[in-house]
Amino acid sequence: MIRGRSLFCAVAVLVLMLLLLLRLWQVQVLSGPELQARARRQAIRPVRLNPVRGRILDAAGIPLAENEDRYDLVFYVSEMRQPGRQNRTIEYVLTQERILASYLGRPSRLQRNAVVTQLTRRPVLPLTVFQGLTPQELVVFHELLPMPPGVEVRPVPQRRYPQPGLASHVLGYTGRSQPDGSDVMEDLPRLYATAEVRGKSGLEKAFDSELAGKPGVELLLVDPVGYARQVIGERRPPENGQELQLSLDSQAQAAAEKALEGHVGALVVVEVHTGAVVALASAPTFNLAELSSARLGEMLKDEKNRPMFNRATQGTYTPGSIVKPLVALAALEELPEETLEEYECTGRYLLGNTAIRCAQRYGHGLVDLPRAIRVSCNPYFIWLGLKLGIDRLGEYMKEAGFGEKTGLEIPEGAGIAPQREVARRLWRRNWLAIDTAYASIGQGAITITPLQAALYAAALANDGILYQPHLLQRILTPEGKVLQETAPRIRRRISASPETFILVREAMRQAVEEREGGATGLQIPGLPVAAKTGTAEVGNGANRHKNTWVIAFLPADEPKYALACVIERGDSGGKTAVPVAAQFLKSWLLAE
């Protein structure tokens, strides 16, 4: 009986030993490599290292956007762990924050749930307690040294604008985004990453990947609770962002923004022979250096002034009489005999029962083409436009870039080029002769952006070449090595002979220099200018108003720059837009 029980116990023990050995074999031999890898993954935590964002420079290399350090007071909770239960560590962290708040004269705002989240999810990353310490607060902090373990002042890079408020629409604003870490490591879970600066609008967004650089990574060995022990392996440092050098001239940009103060509108300057953008100003504007989340929200809700809206590239306006030099080009090429004739302006053009009036109430009398440009005679250009017809006229307007985006690096509008299809799309009817009449004087089914107008003015100055505009001149490494350079690129050509352009340019010069010209306000001693003004009536009822224009190129004899200026709710191109353009040119080129 006893022997049978002993035998049973021995067999049972042997079976249990065999089962234990089998389990050990499964764990160590079959599943060993996988469990070891899992253990390593649990013990190693990758930390993403943020790069420094690249600078944005003007054409002369002057910084428009760069970086400076903001000093934050942070807690590294992994170094503040207290013996015993986690609750003791939480209370210790909260107590330290209250003590420091009283020393710095700041309110205590750290919440218990924030500490718990940091302990459980991001123990090796800094917990920001106070942002943007002032110089006085930094002095107080250093007087309190040495601090308890885990308390530190940490520099945090942020955007700085050496010329506050300049070119804000062009540069664009940035914000902090939380990266997911997939750009540094894929095979290790729970990558720790702090928020980084990313572009949200303008060039900051368009070239975000170039400016942002490439992140680095380091591996931390942590204990089972999640606290860091040491850095292991080789640290991969981040690669700082590349720099953008723009075609923008800081002095021209500042002069343009100054000239626009108190107005709603835009002013654009481009190089005649490259399409490079020299100034791109929109008003009202905003100051990037003062931008906060609250301020951004306020401006986005401001439907009346729309300070965040870039009128220079996104605003589409009825152009008015600035299209008349283009109509003249088309007529000189397509109707050479008619352009030799004189036309008698009586002060209106009667088309059916509709009378389209001239700016000169009693008419200009007999006018030829050069004088018609000089005095901006509506009936004369309606007469030419109707002879051309919308099909031929529309082709020249498309060649001038109307109705299509220019290809600039930041968001822009396309506008509308007058053509038969537009009437069907907008008004659900066929194109009529009255539509051609209005299009011939820049009214009706035609809208353009100030940028398009400046490029069109440049094409008038360079015998018809329409360049693709660009703000980016070159991309540089942080050390200044050129990685990429923008070359001039031709988009279109206006189909007209050099002789035709010469005639139109001379008429535009007379518009400035002759007493009866519409742009005499641009007579600037030592700076010959050729120009054409425009006044477009838009809106209905109580909202009926005039948007006023001037396009110009200079110097008139050897054009280097072309500009376009639009001012909303003005009196006329000559009385409203021309003084703004004149103030800009004097301030920029004559340093008045």
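A cavity here is a set of grid points where a 1.4 Å probe fits but cannot get out. This predicted model has one such cavity of 30 Å³ or more, and the space in the largest cavity comes to about 40 Å³. There are open pockets to look at too, with about 1200 Å³ of space in the largest one and about 1000 Å³ in the second largest. Here's a quick tour, from the empty spaces to the packed parts.

**The cavity**

- Rolling a probe the size of a water molecule over the atoms shows where empty space is left.
- Around the largest cavity you'll find A167, S168, H169, Q253, E257, L280, A281, S282 and T285.
- Helix α6 (168-171), helix α9 (250-259) and strand β12 (277-283) are the elements giving two or more residues to that lining, and β12 gives the most, with three.
- Sorted by class, the cavity lining holds three nonpolar, five polar and one charged residues.

**The largest pocket**

- This pocket has 45 lining residues, and the ones nearest its centre are N50, P126, R154, T194 and A195.
- Plenty of elements chip in at least two residues each, including β1 (44-49), β3 (63-75), α4 (112-121) and β9 (228-236).
- Strand β5 gives the most to the lining, with six residues; β5 runs over 151-160.
- The lining of the largest pocket splits into 22 nonpolar, ten polar and 13 charged residues.

**The second largest pocket**

- Here 37 residues form the lining, with S321, A359, N378, T535 and E537 lying nearest the centre.
- β15 (354-357), α13 (369-375), β21 (530-538) and α20 (573-589) each put at least two residues into this lining.
- The largest share, six residues, comes from β21.
- By class, the lining of the second largest pocket counts eight nonpolar, 19 polar and ten charged residues.

**The nonpolar cores**

- In soluble globular proteins, nonpolar side chains tend to be buried together.
- The largest nonpolar core in this model has 96 residues, and Y380 and F402 have the most contacts inside it.
- Helix α18 (residues 450-461) gives the most to this core, with ten residues.
- Apart from the largest core lies another one, of 33 residues, with A256, A281, A519 and L554 among them.
- A281 also turns up in the lining of the largest cavity.
- Leaving out residues up to four places away in sequence, Y380 touches T339, Y343, V367, D368, L369 and A372.

**A helix tucked inside**

- Helix α12 (residues 324-334) is largely enclosed by the rest of the structure, because nine of its eleven residues are buried.
- The buried ones are K324, P325, L326, V327, A328, L329, A330, A331 and L332.
- The cover over those residues includes α13, α14 (378-388), α15 (390-399), α18, α19 (498-513) and β21.
- Two of these names come up elsewhere: α18 in the largest core and β21 in the second largest pocket.

**One spot to find: R493**

- R493 sits in strand β20 (residues 490-493).
- Along the chain, R493 and G464 are 29 residues apart, but their C-alpha atoms are separated by 5.2 Å.
- Setting aside neighbours within four places in sequence, R493 is in contact with E399, G464 and I465.

Note on methods. Residues numbered from 1 in each chain as written. Predicted model: local features only at pLDDT ≥ 70, side-chain atom pairs only at ≥ 80, totals over all residues. Heavy atoms only, no water. 1 Å grid on protein atoms, 1.4 Å probe; cavity = no way out; pocket = protein on both sides within 12 Å on 5 of 7 lines; lining within 4 Å. Points joined across faces, edges and corners; volume = space filled by probe spheres on them. Helix = DSSP H or I, 4+ residues; strand = E, 2+ residues; numbered from the N terminus. Nonpolar A, V, L, I, M, F, W, Y, C, P; charged D, E, K, R; others polar. Core = buried A, V, L, I, M, F, W, Y, C linked by side-chain atoms within 4.5 Å. Buried < 20%, exposed > 50% of the residue type's maximum accessible area, 1.4 Å probe, protein only. Contact = heavy atoms within 4.5 Å.
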